[in-house]
Amino acid sequence: MSLDIFNERGVPLDKQRFTWKELAGPPFSKIDDDAFTRVRVILMNGIMSDALRFLHVFGRRNRELRLPLAEVRRVSHHQQTMVNWLNPPDQSAIETTIGFEQVAIEVTAALAQHEPDAYLAQNYRFGLLEDFDHLYRFSALMDRVEGKDANNILQSYTDIQPGRPTAVEHRAPIDDVRRSYDRQRTAPLTKLNALTLVASEFQTHDYYMNVGPTFADPVARMVYAEIASIEEQHVTQYSSLLDPDETWLEQWLLHEAMQVYNYHSCLEQESNPRIRGIWQRFLDYELGQLHVVMEHFKQVEGRDPAEILPSTFPDPIKFTSQREFVRQTLAREVGFRAVGPDLFADGSESEASRLYRSQLNTPVSPTTVIAAGYRWLPGTELVSLPAASRVATAPATTH
Amino acid sequence: MKKPTDLGTNRTGVLASPVDSKKTAEGAASTPLVDDGGPIDLAMERSSWANDAEPVGSMPLPTSIKGAVKTTIDMVRGHHPTVFLDKLGERLAFERTGVRLYEALLIKLDAAELHEGGPTRAEIEQIRDDELRHFDELRAAMESLGGDPTAMTPCADVAGVAAAGVVKVLADPRTTLSQCLDALLMVELVDNDAWVLLAELADGFGQKEMADRFRVALADEEEHLLLVRRWVNRGVTGQAGLAATPARPDQGHPANP
């Protein structure tokens with residue numbers, strides 16, 4: 001069902017209220033709910049986190065709009081709280097990490113397929129194959145450090161295989177900055193897609209930066225440090241796709257529209273009735289916020305929001321397994337490398353990236369160590385080994 | 001009310017989605033691996049870190065001249081009283097957490113429907129009070145040896161890490177009384193061995209009266225273990241329909257404090 005964002009006015013901002021009991025409500029079930037419920041929760045937490053980030057930076061740069069920015073931001077903060085608190089306490093940091101990578105794979109793959117701009121779509125496929133490898137590395141970590149099966153979280157929707165090896169994903173900044181879309185000529189959907197991925201990857205980066213040090217295993221700590229670095233690259237890549245010449249208010253308008261689009265997509269596909277109610281409520285809240293921003297846009301810039309926003313929304317983001325698309329992309333594009341803003345099929349790379357990577361990966365590549373010879377099996381790799389040889393033992397030490 | 005042992009929509013296993021899981025398994029099996037080696041690579045790297053690692057922390061300095069003198073004399077004799085103080089600190093922290101765990105268990109009890117032979121409120125309160133008394137006992141013991149009972153010793157820190165999962169199980173409103181008792185059984189098993197060791201250490205350091213008091217605490221802990229074991233057994237066999245005569249229909253409801 002398409003959404004008419006100009007006529008749907010949602011809930012007025014001053015009626016958007018919460019209680020602590022609502023904000024920290026019951027979580028979803030890690031084992032009973034569909035994996036895509038977790039995917040949506042993780043994604044929307046990232047979207048709201050980015051809303052706060054954007055609104056804070058905007059507030060630093062604009063005196064007149066500080067109050068309305070603060071008003072919208074307060075509600076956004078509470079929306080993020082309510083969404084993030086849906087994560088259950090029995091979902092460990094590594095299990096949540098598996099969920100983050102499932103988001104990165106399935107949502108990026110969905111966006112890459114409906115992205116009308118070929119260059120941006122190519123960049124999404126490029127990033128997708130890197131996140132695909134992260135899932136494989138984290139799955140190996142989960143298996144080999146905690147003795148747990150990542151597929152308990154993935155629920156067989158997503159493959160667990162090597163992608164573009166994480167060890168070769170490290171690039172010099174010059175090879176991560178992409179060409180931006182042109183705000184005058186680009187379809188609204190392209191802008192919404194790019195903002196969605198920036199938000200999602202930013203939260204992934206921040207999550208790994210927060211939980212990485214909470215791991216006891218030294219290799220796990222290095223793996224998080226290494227993959228967080230790639231997430232920083234991904235934020236750089238995806239952020240550089242945004243047109244920096246968009247005005248602040250134009251960006252605010254687009255960000256609110258992006259939130260509406262995402263909540264709308266969640267609502268259309270949610271299988272948990274209670275959480276579907278939350279998506280409906282927040283869709284209505286976001287529509288209310290969008291109309292607040294539309295008014296500021298009209299007053300401050302003297303422009304019609306319809307210049308920026310689509311009259312009806314595109315089809316929702318598909319929250320479903322993108323296995324075949326990912327496999328085809330993997331087969332065709334795993335060898336692609338970035339040089340400057342361009343991606344090359346022949347594996348060309350800059351000297352800057354080669355040197356940067358070589359330095360970081362010496363003396364050890366943590367993601368290579370954790371997944372050395374790793375092949376996922378239902379029930380963990382231990383099911384394939386004869387009992388006597390199942391435990392890897394390091395050589396005796398001197399103390 | 002739903003019980004965790006009811007059949008439901010658990011989606012975690014491969015049999016919950018046979019078509020998709022077949023694709024995942026076949027994909028993983030047929031894809032060439034990109035990195036040579038195996039789990040041994042991880043073991044080697046971990047080993048290199050273990051060889052160079054600093055400990056989680058150290059013991060605090062003695063808090064009194066008496067304590068400092070005593071520590072010095074013991075060390076001259078070839079003893080290491082800080083080992084004893086570290087274990088005292090560990091047990092002190094563990095018993096303090098134990099009080100909170102049994103307080104949480106009372107909430108679970110209120111929400112549960114019990115099987116015959118399950119815990120009573122008075123029994124749980126008695127264990128909670130025992131844990132509090134043991135905590136006091138250990139504070140006094142630590143002070144008498146010149147230690148600081150408010151400090152977190154290295155073993156107390158590590159025991160706290162080990163118990164973190166138990167605290168999570170007890171605090172989660174979704175867990176049942178039976179699930180919490182399973183977690184507490186781990187606590188009580190450790191507690192029993194720990195008090196045996198503490199009494200032995202007290203003897204070794206010439207603290208005869210202290211050792212006697214610790215053996216009284218050990219007798220409490222032995223009683224706790226017997227009780228928790230029995231409650232776990234009665235609860236689970238009752239839920240499985242194997243117990244003789246359930247007094248009330250079920251013990252497996254999520255607690256709703």
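**Close-up 1. Glu307(A), out in the open.** In this predicted model, Glu307(A) is an exposed residue, with a relative accessible area of 53%. That puts Glu307(A) in the exposed class, because the cut-off for exposed is over 50%. Its side chain has a partner, too: Arg303(A) and Glu307(A) meet in a salt bridge, at 3.3 Å from N to O. Zoom out a little and the pair turns out to belong to a network of salt bridges, which links Arg303(A) and Glu307(A) with Arg183(A), Glu250(A) and Glu301(A). As a bit of background, side chains of opposite charge can pair when their charged atoms come close.

**Close-up 2. Asp90(A) and Arg174(B), a pair across two chains.** Here the closest N and O atoms of the salt bridge between Asp90(A) and Arg174(B) are 2.7 Å apart. Asp90(A) sits in the chain A loop between α3 (66-84) and α4 (93-114), while Arg174(B) sits in the chain B loop between α6 (154-171) and α7 (177-204), so this pair joins two chains. How open are the two partners? Asp90(A) is partly exposed, its relative accessible area being 34%. Arg174(B) is partly exposed as well, with 29% relative accessibility.

**Close-up 3. Glu381(A) and Arg144(A), a buried salt bridge within chain A.** This view shows Glu381(A) in a salt bridge with Arg144(A), and the closest N and O atoms are 2.8 Å apart. Glu381(A) comes from the segment after α13 (366-370) and Arg144(A) from helix α5 (residues 118-146), both in chain A, so the salt bridge ties together parts that lie 237 residues apart in sequence. Are these two side chains on residues that are buried or exposed? Glu381(A) is buried, at a relative accessible area of 10%, and Arg144(A) counts as buried too, at 11%. Both values fall in the buried class because its cut-off is under 20%.

**Close-up 4. Thr12(B) and its neighbours.** Look for Thr12(B) in the segment before α1 (18-30) of chain B. Thr12(B) counts as buried, with 15% relative accessibility. Which residues does Thr12(B) touch, leaving aside those up to four places away in sequence? They are Ile31(A), Asn151(A) and Asn152(A). Back in chain B, the side chain of Thr12(B) makes a polar contact with the side chain of Asn10(B), at 2.7 Å.

**Close-up 5. Salt bridges in the whole structure.** How many salt bridges are there over all chains? A search of the whole structure finds 45.

Terms used. Residues numbered from 1 in each chain as written. Chains lettered and ligands numbered in written order. Predicted model: local features only at pLDDT ≥ 70, side-chain atom pairs only at ≥ 80, totals over all residues. Heavy atoms only, no water. Salt bridge = Lys/Arg side-chain N within 4 Å of Asp/Glu carboxyl O. Helix = DSSP H or I, 4+ residues; strand = E, 2+ residues; numbered from the N terminus. Buried < 20%, exposed > 50% of the residue type's maximum accessible area, 1.4 Å probe, protein only. Polar contact = N/O pair within 3.5 Å; in protein donor to acceptor, adjacent residues only side chain to side chain. Contact = heavy atoms within 4.5 Å.
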